[in-house]
Number of protein chains: 2
Amino acid sequence: MTSPSADLSGVPDRRVVFSPSGRRGVVQEGTTVLEAARRMGVDLDSVCGGRGICGRCQIEQGSAPGIPQLETALSPPGPTETDYRGRRSLKDGRRLGCAVSIQGDVVIDVPAESQVHRQVVRKRPEVANFPIDPVVRLHYVVVDPPSLVDARSDVERVAWALEVDWGLTGLEFDTQVIQEIHSALTAGDWTCTLAVHDESQVIGVWPGFYDRLLGLAFDVGSTTIAGHLLNLSTGDVMASSGTMNPQIRFGEDLMSRVSHVMMDPEGAHKMTGVVREAMNELAIELVGELGRDTTEILDVTMVGNPIMHHLMLGLDPTPLGGAPFAPVISDSLDLVASRFGLELHPGARLYVLPLVAGHVGADTMGAALSEGPHRRDDLQLLVDVGTNAEIVLGNRSRILAASSPTGPAFEGAQISSGQRASPGAIERVRIDRETLEPRIRVIGSDVWSDEETFERDVSDTGVTGICGSGIIEAVAELFLSGVIAGDGTIVAGTERVVADGRTFSYRLWDDPEILVTQSDVRAIQLAKAALYAGIRLLMDHAGVDAVDEIRLAGAFGSHIDPAYAMVLGLIPDCDLDRVWSAGNAAGSGAIIALLSKSARAEIEDVALRVEKIETATEPRFQEHFVAAMGIPHTEHAFPSLAARIELPAAVEGSGGRGRRRRRTND
Amino acid sequence: MTSPSADLSGVPDRRVVFSPSGRRGVVQEGTTVLEAARRMGVDLDSVCGGRGICGRCQIEQGSAPGIPQLETALSPPGPTETDYRGRRSLKDGRRLGCAVSIQGDVVIDVPAESQVHRQVVRKRPEVANFPIDPVVRLHYVVVDPPSLVDARSDVERVAWALEVDWGLTGLEFDTQVIQEIHSALTAGDWTCTLAVHDESQVIGVWPGFYDRLLGLAFDVGSTTIAGHLLNLSTGDVMASSGTMNPQIRFGEDLMSRVSHVMMDPEGAHKMTGVVREAMNELAIELVGELGRDTTEILDVTMVGNPIMHHLMLGLDPTPLGGAPFAPVISDSLDLVASRFGLELHPGARLYVLPLVAGHVGADTMGAALSEGPHRRDDLQLLVDVGTNAEIVLGNRSRILAASSPTGPAFEGAQISSGQRASPGAIERVRIDRETLEPRIRVIGSDVWSDEETFERDVSDTGVTGICGSGIIEAVAELFLSGVIAGDGTIVAGTERVVADGRTFSYRLWDDPEILVTQSDVRAIQLAKAALYAGIRLLMDHAGVDAVDEIRLAGAFGSHIDPAYAMVLGLIPDCDLDRVWSAGNAAGSGAIIALLSKSARAEIEDVALRVEKIETATEPRFQEHFVAAMGIPHTEHAFPSLAARIELPAAVEGSGGRGRRRRRTND
């Protein structure tokens with residue numbers, strides 16, 4: 001150790017090293033750890049501004065070569081820490097960075113929970129983590145009470161404290177805050193906590209110290225509305241829940257809801273009202289689970305398809321009902337939540353992710369934010385299948401997006417025995433290649449139908465129908481078994497194939513009778529051809545004929561077996577180990593946008609850079625569509641599948657060309 | 001004339017001179033007059049962006065030496081002008097600047113009504129005129145309808161048109177506008193008019209061309225609320241009206257209203273509610289007179305004393321009820337009017353002028369904006385007398401302000417026969433220097449009481465009491481007649497002086513009996529001493545002992561005779577020709593702020609620069625107060641008065657020192 005140097009005042013300098021940042025510097029003896037961290041740009045949290053109240057700046061003493069862990073290097077616990085221990089627990093070895101001063105050369109460990117910008121670790125290994133950087137933050141201030149020599153206004157004295165203690169300048173104050181600030185200051189004995197949005201707008205005020213900051217991420221889908229309640233300080237998802245979108249009573253699918261608006265001009269108002277009401281109920285449910293209150297919610301984010309986006313915001317959705325699908329607004333929106341009927345904290349903000357176009361929505365941008373094609377060097381295909389398939393293809397240098405009119409077949413609609421993915425629905429199908437007899441599994445059970453316990457296991461629901469992923473597997477297995485020909489025709493050859501007028505059906509289940517009809521197969525062919533043609537069109541524009549990775553987002557993407565999707569040709573060839581379900585990627589995007597200001601800027605930039613490809617006007621889309629009707633279509637190759645699915649010999653041979661590499665234009 | 005030059009394209013250049021600006025330049029033949037004006041920075045109005053709809057860009061052809069008025073110098077009337085004449089009248093000689101092109105060297109006269117920044121000429125000769133520069137402006141745009149090759153959002157296409165046609169960038173759109181823009185565009189066949197606030201926020205949208213833009217200036221006083229309806233395009237005051245402040249039922253004066261709030265926490269809400277309701281009723285009355293609608297009102301300004309300011313905005317006024325009088329907020333406020341209960345256009349904005357301190361209000365800043373001490377080289381004293389006197393003293397380099405606790409005597413309260421200034425109240429008093437008999441005049445009549453027609457003239461109301469200006473004149477005349485001594489004591493000497501216990505009263509009127517009691521004189525002495533002491537304190541701080549000009553604002557200032565105010569020593573010595581009533585200067589300030597964006601910046605700057613002098617903590621205030629109790633106090637001099645008032649010989653002598661010049665510190 002070197003001997004301490006001293007400045008002219010005679011106070012010795014001390015060397016400080018912060019870990020894990022590795023930042024090092026020299027401070028005067030007696031400097032608090034929080035102050036040293038601020039001067040050296042070390043990320044050490046504080047809400048109370050170093051007054052020993054919030055406990056966010058906890059640190060531990062560490063050691064490093066040349067700087068042993070000497071007990072005398074930090075000041076002993078004083079009244080501030082003793083007070084704090086009286087109110088809250090402080091783990092062994094932990095100290096309050098604002099209360100402890102540096103007395104000797106020292107190493108300071110900043111645990112993850114004391115960092116403002118700590119990483120949020122996501123559960124899926126294939127997605128990026130991101131640092132917490134919420135747009136709304138709490139700041140505690142202590143002001144001088146007014147006196148005859150200092151009769152500045154309440155707002156002025158608070159603004160001054162926010163500038164001096166927190167470096168915030170040019171702040172605007174919400175009306176509500178101006179109206180409440182005086183009573184907060186008097187109730188808090190001239191201390192208060194302010195919520196500041198985007199370092200520019202003061203949106204809430206509470207007397208004294210206040211530390212409850214919740215955020216809410218909404219994914220407003222046509223069928224369900226999902227909500228996630230987050231602690232904006234820690235980044236933890238505290239509760240998640242979903243509710244049926246009550247707009248369903250105005251029409252099952254989006255287009256019928258738009259038609260409803262066209263017929264009844266009041267329809268849009270009603271649909272806006274019911275969706276906002278459902279969001280409020282969801283908020284109440286989520287905070288209720290934790291014994292918290294909706295007024296603790298200060299920030300909200302929302303994703304949704306363009307029609308849900310317009311209906312929730314009270315915008316006329318009719319232009320989205322037909323070409324040219326021009327939305328009313330596509331930019332991201334930074335709004336006051338109460339103006340949109342959300343009954344949260346009166347100053348709560350509502351951030352709505354941008355749309356790309358009238359048919360590529362904020363949900364797609366949410367999924368893109370979560371899956372991050374724009375953050376990658378290799379080429380990612382991101383597909384979200386609903387009534388329309390929204391497709392994003394790209395990498396760091398280029399992003400393309402399109403919407404393809406798949407229709408609702410993948411959701412089990414327009415299928416003779418189709419139903420939503422709910423208990424009792426067939427979701428897995430295997431056809432014996434020899435006997436052509438089926439085995440099934442239904443949602444709610446892990447047991448195959450040829451196992452003994454099946455009947456007992458499904459006795460609650462029975463077998464009720466077939467869902468989207470079930471019909472995909474059924475058609476794919478029937479094709480692989482030779483029951484369906486390459487052109488989609490059901491051919492005879494087993495007593496399970498029954499004539500139905502001029503066409504045939506395959507009897508998948510007996511009681512109740514569940515058929516895969518020729519028209520079911522045609523519906524799936526149409527849907528998958530539309531999806532594939534859209535993907536293909538984007539690949540053409542990108543100048544590639546393979547992709548490196550595929551992410552399947554949404555409920556359909558979660559249930560479908562990628563191997564069968566590839567057999568049927570829904571998606572292009574890709575290493576199956578790199579085809580992932582992205583789960584509720586749109587909702588994940590809403591969560592990320594809620595926790596990270598930089599993520600908002602990132603996705604706004606992506607939305608501006610996206611090249612919108614219009615499937616309706618591109619003649620090549622029709623060509624690809626026609627070419628993609630057959631199974632397997634000519635572009636398809638099976639090497640990736642052989643390990644996963646029992647392929648018949650004839651089909652295996654067709655994959656001889658092997659997997660082609662992508663060619664990029666850039 | 002020189003022969004026309006021509007550029008490489010072969011199109012000849014033409015010389016253009018605009019009058020009255022005198023700007024001159026050269027443009028290519030065929031350029032429209034509007035385009036030439038824009039390029040040369042000439043102030044030529046247009047709402048429709050040069051589409052021949054609004055008629056704002058009307059010009060006339062003129063002549064100048066070297067440029068005779070040749071008929072061929074402007075293009076002949078084409079279909080745009082013919083169309084316009086079919087819809088609206090166009091004066092002889094007038095042409096539409098957007099429709100007529102320059103064909104030869106030409107002089108263009110721009111009439112005042114075609115200038116955006118034309119001067120508003122105010123009726124009072126002593127105040128400055130100012131250019132119209134409203135904060136809210138209307139802009140007409142024509143956009144391309146959406147198509148498959150251009151499916152931008154409605155907002156994007158409108159934002160683009162506002163940028164290309166009007167140079168407006170980075171605009172934000174009000175929620176309401178986003179919600180209405182689609183129906184406006186479809187109803188307007190892809191044209192619409194936007195209201196833009198401060199070149200930054202789009203606050204209204206109408207289908208097609210829309211040209212109705214009203215503004216409302218409020219002066220919210222303790223007793224009355226005045227409203228002025230303005231055409232924001234022309235700057236014309238279209239209607240003015242006033243209504244009683246319904247808060248009077250919670251207390252006549254401000255302090256009793258604050259006490260009411262302290263006793264009843266709901267009281268503030270109720271007072272906020274009734275004042276907003278009265279403002280709405282006033283708005284309806286004002287637009288009703290013109291057959292217009294409140295939804296045409298897009299911008300509102302408001303002045304008021306600090307307590308009215310706080311109550312109207314829903315802020316807690318209790319801190320204004322006592323020292324240290326710290327307001328909740330003192331900065332100017334740019335608000336959404338609907339958030340404050342004003343039922344106008346939903347996007348209407350509300351600009352509230354700044355306060356200086358808890359007892360120097362937005363009304364004082366309004367008066368300062370109107371009277372402009374800060375725009376002058378010489379020293380102006382601006383006094384607004386109410387329950388408190390708000391006093392501003394300054395010039396271009398320095399501005400000071402204070403509030404002095406005059407009490408309500410000047411408003412006729414605390415006076416035995418006192419009443420508000422309404423018909424029947426004595427407002428003028430003369431005492432015969434020999435007989436000591438009074439003559440009076442009452443509000444509502446021009447006849448003195450010693451004239452024959454007096455009784456008939458006042459038969460409707462009778463003589464009901466004495467108002468603030470009346471009691472000032474009575475006390476001053478009684479002093480000048482020797483009935484009141486220099487220390488304020490009423491002395492015997494006429495049968496009109498009647499004993500009243502240990503003191504005397506002067507009987508000013510017999511039926512009903514109206515007395516000037518000793519306690520009335522004391523109340524006036526206290527009030528005038530407080531006023532003078534406040535003025536004197538500011539003069540001390542400014543280092544002067546005279547002022548160049550005095551403006552008396554408000555109702556009291558309108559009624560009082562400056563000569564008597566000077567006799568009693570309410571105001572310091574000043575050339576009487578430079579003592580003016582400023583009328584409703586606060587209201588004029590609200591009007592100016594409504595018409596002029598730069599005026600808002602100006603008064604915000606003044607509010608920041610004002611030196612607040614605290615009368616309550618300055619020992620000198622007490623000294624001045626005590627010294628100012630007598631009549632005439634020792635500082636006073638009468639040369640300015642001799643020409644206006646019949647002074648008794650003894651008093652005249654006391655003015656021997658003559659008028660002293662001010663000494664400034666700067």
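# Close-up views of chains A and B

**Figure 1. A loop residue of chain B, B:Glu199, counts as exposed at 51% relative accessibility.** Exposed means over 50% relative accessible area, buried means under 20%, and partly exposed lies in between, with a 1.4 Å probe and protein chains only. This is a predicted model, in which local features need pLDDT of at least 70, side-chain atom pairs count only at pLDDT 80 or more, and totals for chains, interfaces and linings use all residues. Residues are numbered from 1 along each chain as its sequence is written, chains are lettered from A and ligands numbered from 1 in the order in which they are written, and side-chain values use heavy atoms, with hydrogens and water left out. B:Glu199 sits in the loop that runs between strand E10 (191–197) and strand E11 (201–207) of chain B; helices (H or I, at least four residues) and strands (E, at least two) are DSSP runs, numbered from the N terminus. Although B:Glu199 is not a glycine, its phi is positive, at about 55 degrees. Most residues other than glycine have a negative phi, and most peptide bonds are trans.

**Figure 2. In chain A, the loop between E21 and E22 holds A:Leu436.** This residue, which is not a glycine, has a positive phi of about 65 degrees, and at 11% relative accessibility A:Leu436 counts as buried. The strands on either side of this loop, E21 (residues 425–431) and E22, pair in the antiparallel sense over five bridges, where two strands are said to pair if DSSP finds at least two bridges between them. Within this pairing, A:Val429 faces A:Ile440 of E22(A). The open sheet has three strands in the order E22-E21-E23 (chain A), and its pairing is mixed. Strands E22 (438–442) and E23 (465–466) of chain A stand at the edges with a single partner strand each, so one side of each is left without a neighbour in the sheet.

**Figure 3. Strand E13 of chain A pairs with E12(A) and with E14(A).** Of the eight residues of E13 (residues 224–231), seven are buried, so this strand of chain A is largely enclosed by the rest of the structure. Strand E12 (residues 214–220) of chain A runs antiparallel to E13(A) and is joined to it by seven bridges, with A:Leu216 opposite A:Leu229 of E13(A). Three residues form the hairpin connection from E12(A) to E13(A). Strand E14 (residues 237–244) of chain A also pairs with E13(A) in the antiparallel sense, over seven bridges, and here A:Thr224 stands opposite A:Met244 of E14(A). The hairpin of E13(A) and E14(A) has five residues between the strands, and in this hairpin A:Gly235 takes a positive phi near 85 degrees.

**Figure 4. Two cis peptide bonds of chain B are shown, one from B:Ser19 to B:Pro20 and one from B:Ala323 to B:Pro324.** For the bond between B:Ser19 and B:Pro20, omega is about 10 degrees, and B:Pro20 belongs to the loop between strand E1 (13–19) and strand E2 (24–28) of chain B. For the bond from B:Ala323 to B:Pro324, omega is near 0 degrees, and B:Pro324 lies in the loop between H7 and E16 of chain B. B:Gly322 is likewise found between helix H7 (306–313) and strand E16 (333–336) of chain B; with a relative accessible area of 24%, B:Gly322 is partly exposed.

**Figure 5. Chain B is superposed on chain A by a rotation of 180 degrees with 0.0 Å of shift along its axis (RMSD 0.1 Å).** That is the relation of a two-fold axis. Copies are superposed by least squares on the C-alpha atoms of residues with pLDDT of at least 70 in both. In chain B, the C-alpha nearest the axis belongs to B:Arg339 and is 5.4 Å from it. The same surface serves both copies, as 100% of the contact residues of chain B recur in chain A, where contact means heavy atoms within 4.5 Å. Chain A itself has 18 helices and 29 strands, and 59% of its 666 residues are buried. Its C-alpha trace spans about 100 × 65 × 55 Å along its principal axes.
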